[in-house]
Amino acid sequence: MASPTTKESQAAMDFLHHPYTRAALPFINGGLAGMTATTVIQPIDMIKVRLQLAGEGVRTGPRPTAFGVARDIIAGGKILDLYTGLSAGLLRQAVYTTARLGFFDTFSKTLNKRAEAANRKITFAERAGAGLTAGGIAAMIGNPADLALVRMQSDGLKPLEARANYRSVVDALFRISKNEGIPALWAGALPTVVRAMALNVGQLTFFAESKAQLKAHTSLSAQNQTFAASAIAGFFASFLSLPFDFIKTRLQKQQKDPKTGQVPYKGVLDCARKVAKDEGWLRFYRGFGTYYVRIAPHALVSPLPTPFFS
């Protein structure tokens, strides 16, 4: 007769291999991986947002650095201020990355089955399509948490009397929807979606393609292939998505002027035009190094958990 321990182990294995469980695991693993990565890179994300908002509307003047921004944040309060908005960042990953990686994994499996049935390999274009679709859908779902994150991180730039001092992401979402209306939670949704699509092409697609090419043409170990593919994917993800991330941050941060009722930017194109005119085209790539460092842990950490349950 089987022992109780053996029965429990068998029950656990049956649960993990149940069709519904296996369908849900990519979403669960994606969310957990994203939240883990966010906990690691939250201070870097905070610095990235401050760099993007520095010198708004001005072409010349001081050029802040990542170290300078970090020093100013710490000098103005305490080192934990670098983790401002962590609750929003975690919620964003729980929603956005769960959907992004879950949909990408689901789409990829479907494409792989079709490719195998046709006796061929999945193409780069198919991977790109899966990444674009997964990123776009997930970005729309996660935009409210993304907006709350930017609002919480940029709050410290305002005068003391004008700060919202959000206590948590729940407080931020409630107050924003109450004061500005529920549609305000989707401010900057268009550049958020485009950014996510560009990010996924760079991150997920180039990761998968780079790893496949490294496996076929190099003698690197599996671990080194993963690190190398992550570095390559992180670069392309940063290069393709940073301009849209920049515009997203500017649009999500803006609020109506109490006196005029107007906002600085009317939309994506207006924001891009004003930044290019007043601050110069290179401003869209300000903080590229910081952004790359922010993206790299996600490119490395995010793809790893899914194979654990293959």
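**Figure 1. Asp-45 and its partner Arg-294, a buried pair.** With a relative accessibility of 4%, Asp-45 counts as buried in this predicted model. Its partner Arg-294 is buried too, at a relative accessible area of 6%. The two side chains meet in a salt bridge, with N to O at 2.3 Å. Asp-45 belongs to helix 2 (residues 19-53) and Arg-294 to helix 10, so this pair ties together parts that are 249 residues apart in sequence. If you are keeping a tally, the structure holds 18 salt bridges.

**Figure 2. Arg-283 and Glu-279, with a look at the wider charge network.** Arg-283 forms a salt bridge with Glu-279, and their closest N and O atoms are 2.7 Å apart. Are these two residues buried or exposed? Arg-283 counts as buried at 7% relative accessibility, and Glu-279 counts as buried at 6%. Elsewhere, salt bridges that share partners join Asp-45, Lys-48, Arg-195, Asp-245 and Arg-294 into one network.

**Figure 3. Arg-286, a buried arginine that has no salt bridge.** Please look at the loop between helix 9 (268-278) and helix 10 (288-301), where Arg-286 is found. Arg-286 is buried, yet it has no salt bridge. Which side chain of opposite charge is nearest to Arg-286? That side chain is Glu-279, at 6.0 Å. A salt bridge is counted only within 4 Å, so the 6.0 Å between Arg-286 and Glu-279 does not qualify. What the side chain of Arg-286 does reach is the backbone oxygen of Ala-54, at 2.9 Å. Setting aside neighbours within four places in sequence, the residues in contact with Arg-286 are Leu-51, Ala-54, Gly-55, Pro-62, Arg-63, Pro-64 and Leu-242.

**Figure 4. Asp-171 and Arg-175, a salt bridge inside helix 6.** Both residues lie in helix 6, four residues apart, which is about one turn of the helix. Their side chains meet in a salt bridge at 2.9 Å, N to O. Asp-171 counts as buried, at 9% relative accessibility, whereas Arg-175 is partly exposed, with a relative accessible area of 25%. Helix 6 (residues 169-180) is also where confidence is highest in the protein, at a mean pLDDT of 96.

**Figure 5. Tyr-166 and the nonpolar cores.** The largest nonpolar core has 13 residues. Which residues have the most contacts inside it? They are Ala-88, Ala-148, Tyr-166 and Ile-176. Helix 5 (124-154) and helix 6 each supply at least two residues of this core. Tyr-166 also touches both members of the pair in Figure 4: not counting residues up to four places away in sequence, its contacts are Arg-151, Met-152, Asp-155, Asp-171, Ala-172, Arg-175 and Ile-176. Apart from this core lies another, of 11 residues, among them Ala-99, Ala-139, Ala-196 and Tyr-291.

**Figure 6. Helix 9 and what covers it.** The buried residues of helix 9 are Asp-270, Cys-271, Ala-272, Val-275 and Ala-276. Helix 8 (222-253) is included in what covers them. Just after helix 9, look for Gly-280, which takes a positive phi of about 95°.

**Figure 7. Lys-215, an exposed lysine in helix 7.** Lys-215 is found in helix 7 (residues 189-217). Its relative accessible area is 64%, so it counts as exposed. How far apart are Lys-215 and Gln-225, C-alpha to C-alpha? They are 7.0 Å apart in space and 10 residues apart in sequence.

**Figure 8. The whole fold and its confidence.** The protein has 10 helices and zero strands. Buried residues make up 45% of its 310 residues. Among contacts with a separation of 6 or more, 78% are between residues 24 or more positions apart. The mean pLDDT is 85, and 90% of residues reach 70 or more. Confidence is lowest in helix 1 (residues 4-16), at a mean of 59. Over residues 302-310 the pLDDT is below 50, and this stretch has 16 contacts in the model beyond near neighbours in sequence. Where pLDDT is low, the predicted coordinates should not be read in detail.

Technical notes
Residues numbered from 1 in each chain as written. Predicted model: local features only at pLDDT ≥ 70, side-chain atom pairs only at ≥ 80, totals over all residues. Heavy atoms only, no water. pLDDT = per-residue confidence, 0-100. Contact = heavy atoms within 4.5 Å. Buried < 20%, exposed > 50% of the residue type's maximum accessible area, 1.4 Å probe, protein only. Lys, Arg positive; Asp, Glu negative; His and termini not counted. Polar contact = N/O pair within 3.5 Å; in protein donor to acceptor, adjacent residues only side chain to side chain. Core = buried A, V, L, I, M, F, W, Y, C linked by side-chain atoms within 4.5 Å.
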